[in-house]
Each structure stands twice: as structure tokens, then as C-alpha cells.
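Subject: Structure handover

Hello,

Here is the structure we discussed, with notes on what was found in it. Please read the notes with the structure open.

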Amino acid sequence: MIRVGLTGSIGMGKSTVAAMFAEEGVPVFDADAAVHRLQGPGGKVVAAIEARFPGTTGDGGVNRTALAEAVLGDDAAMKALEAIVHPAVGAERAAFLAEHADAPIVVFDVPLLFETGGDRHVDAVVVVSAAPAVQRDRTLRRPGMTPAKFDAILARQTPDAEKRARADHVIPTDCSLDETRAAVRRTIAALA
């Protein structure tokens, strides 16, 4: 089994590329989706998050806006949150691997792959990339996103140029969907 780490900074189109891998029959573990499940109603990390960050949860699980306000720009708080969430995501990832043990290639869709050292646990890294202007435009169209939030998120992420330099494969998304899909297919063929 070849374990592929799929990453890209905010607004680069990583979710679209992950869906394309899935459409090609490659099992994809979506770390963000796992976090949403873990932090949702009855999620495994809700109580621990509430204990560490009082007032950030409710009947619907974690209030992501309140949690973001509690940790954004505070390195110690972010590390405390990661210490709660990362082990739980690791358990979800292990279950995914067991479920897809016969797959020749699996993709781990991890936004902060380099930032968390996750690149050490995969066989190849695929970076999704687009021009900075395209990235900014896509991100600022998201509900509730502001230029200040965008800049704060970017400050926590490894710069795109560095990600591309460290990647085994780069998939562009500032082109047509057909061109991006062709790049995904070329990458799968190169990995096989």
C-alpha cells in the first residue's frame, strides 16, 4: 500500500482534488471530516474541549467560531487543542487503514500535513496549489471569512512555495477542472 499525504493551503482546492482521487477509486481519509465528526454532537473530544476551553461547546458539539476565537493567535491554546484532537484523529486514521488494507493506494487529506509532521508518515506527498490571487479570492468568498482571518490562517500554514518544493507531486487548481483531473490521473499512474 502506498500512503499519500494530500495537502494544500487554505483556498487551494484540496477538497476538490480529494474528491477526484475518490472518483478514481482511491480511498481518501479526510482529516477535516474526522475532526467534524469528533467535534460534532456526541463527538469523542467534545467533553475534553469543553473542559480545556469552557463555553466553546453546546448541544450541537463544538461551537467552531467560539473555539477559533479561543485559540487563534494563541500558540499555547492551539497546542492544547491539538493535544486533544490529534490522538483522536489518529485513531480514526488507523480504523480507515484497517478498512482499506487491500487498497494499493490510499490518500490522507490533511490540511496541516507539514505543520504537524504528518509528511514523515506517508510514502509520497501531493500538494494542491493555485496562484495567490486565486487562493485569496476563493477563501474570501467563504461565509464568515475576513481578510484578517485569512491572514491569521495563512500565518499558521507552511508557505505554498515551500510546500511545492517539498512535494513529490504538485496538482494545479488554477486551471480547468479537466486539467486538474488529468493531473490527478497522472499522479495516480506515477504512484502505481
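Contact here means heavy atoms within 4.5 Å. The model is a predicted one.

Helices α1 and α9

With that cut-off, T16, V17, M20, F21 and E23 of α1 meet a set of residues in α9, namely L177, T180, R181, V184, T187 and I188. Sorted by class, the residues of this contact are six nonpolar, three polar and two charged. Helix α1 covers residues 14-23 and helix α9 covers residues 177-191; their axes lie 10 Å apart, at an angle of about 55 degrees. The two helices are therefore oblique to each other. The crossing of α1 past α9 is right-handed.

The sheet

The sheet is open and has five strands, in the order β2-β5-β1-β6-β7, with parallel pairing. Its edges are β2 (28-30) and β7 (169-172), each of which pairs on one side only. From one strand to the next, the twist averages 25 degrees. Within the sheet, β1 (residues 2-7) pairs with β6 (residues 124-129) in the parallel sense, over four bridges. In that pairing, T7 stands opposite V127 of β6.

Two helices can be placed against these strands. Helix α2 (residues 31-39) packs on the sheet and touches β2 and β5 (105-109). The direction of α2 makes about 45 degrees with that of β2. Helix α9, already met as the partner of α1, lies across β1, β5, β6 and β7. It runs at about 165 degrees to β7.

Helix α5 and its partners

Which residues of α2 meet α5? They are A34, V35, R37, L38 and Q39, and on the α5 side they meet V85, A88, V89 and E92. This contact divides into six nonpolar residues, one polar and two charged. The axes of α2 and α5 are 10 Å apart and the packing angle is about 110 degrees, which makes α2 roughly perpendicular to α5. As α2 passes α5, the crossing is right-handed. Helix α2 thus has contacts with β2 and β5 in the sheet and with α5.

Helix α4 (residues 64-71) also packs with α5, at an angle of about 130 degrees and with the axes 8 Å apart. These two helices are therefore oblique to each other. On the α4 side the contact is made by L67, A70 and V71, and on the α5 side by A77, M78 and L81. By class, it has six nonpolar residues, no polar and no charged ones.

Aromatic pairs

How many aromatic pairs does the structure hold? There are three. One of them is formed by F29 and F96, whose rings are 5.5 Å apart centre to centre, with 50 degrees between the planes, a tilted arrangement. This pair links distant parts of the chain: F29 is in strand β2 and F96 is in helix α5 (residues 75-99), 67 residues apart. The strand that holds F29 is thus the edge strand β2, which α2 also touches.

If you want a place to begin, display α2, α5 and β2 together: α2 touches β2, α2 meets α5, and the pair of F29 and F96 links β2 with α5. After that, turn to α9, with the contact to α1 and the strands it lies across.

Regards

Note on methods:
Residues are numbered from 1 along each chain as its sequence is written. This is a predicted model: local features need pLDDT of at least 70, side-chain atom pairs count only at pLDDT 80 or more; totals for chains, interfaces and linings use all residues. Side-chain values use heavy atoms; hydrogens and water are left out. Axes are lines fitted to C-alpha atoms, for helices over the stretch in contact, and angles run from 0 to 180 degrees between N-to-C directions. Angles under 35 degrees count as roughly parallel, over 145 as roughly antiparallel, 65 to 115 as roughly perpendicular and the rest as oblique. A crossing is left-handed if the near helix is turned anticlockwise from the far one by less than a right angle, and right-handed if clockwise. Ala, Val, Leu, Ile, Met, Phe, Trp, Tyr, Cys and Pro count as nonpolar, Asp, Glu, Lys and Arg as charged, and the others, Gly among them, as polar. Two strands pair if DSSP finds at least two bridges between them. Rings of Phe, Tyr and Trp (its six-membered ring) pair if their centres lie within 6.5 Å; planes under 30 degrees apart count as stacked, over 60 as edge-to-face and the rest as tilted.
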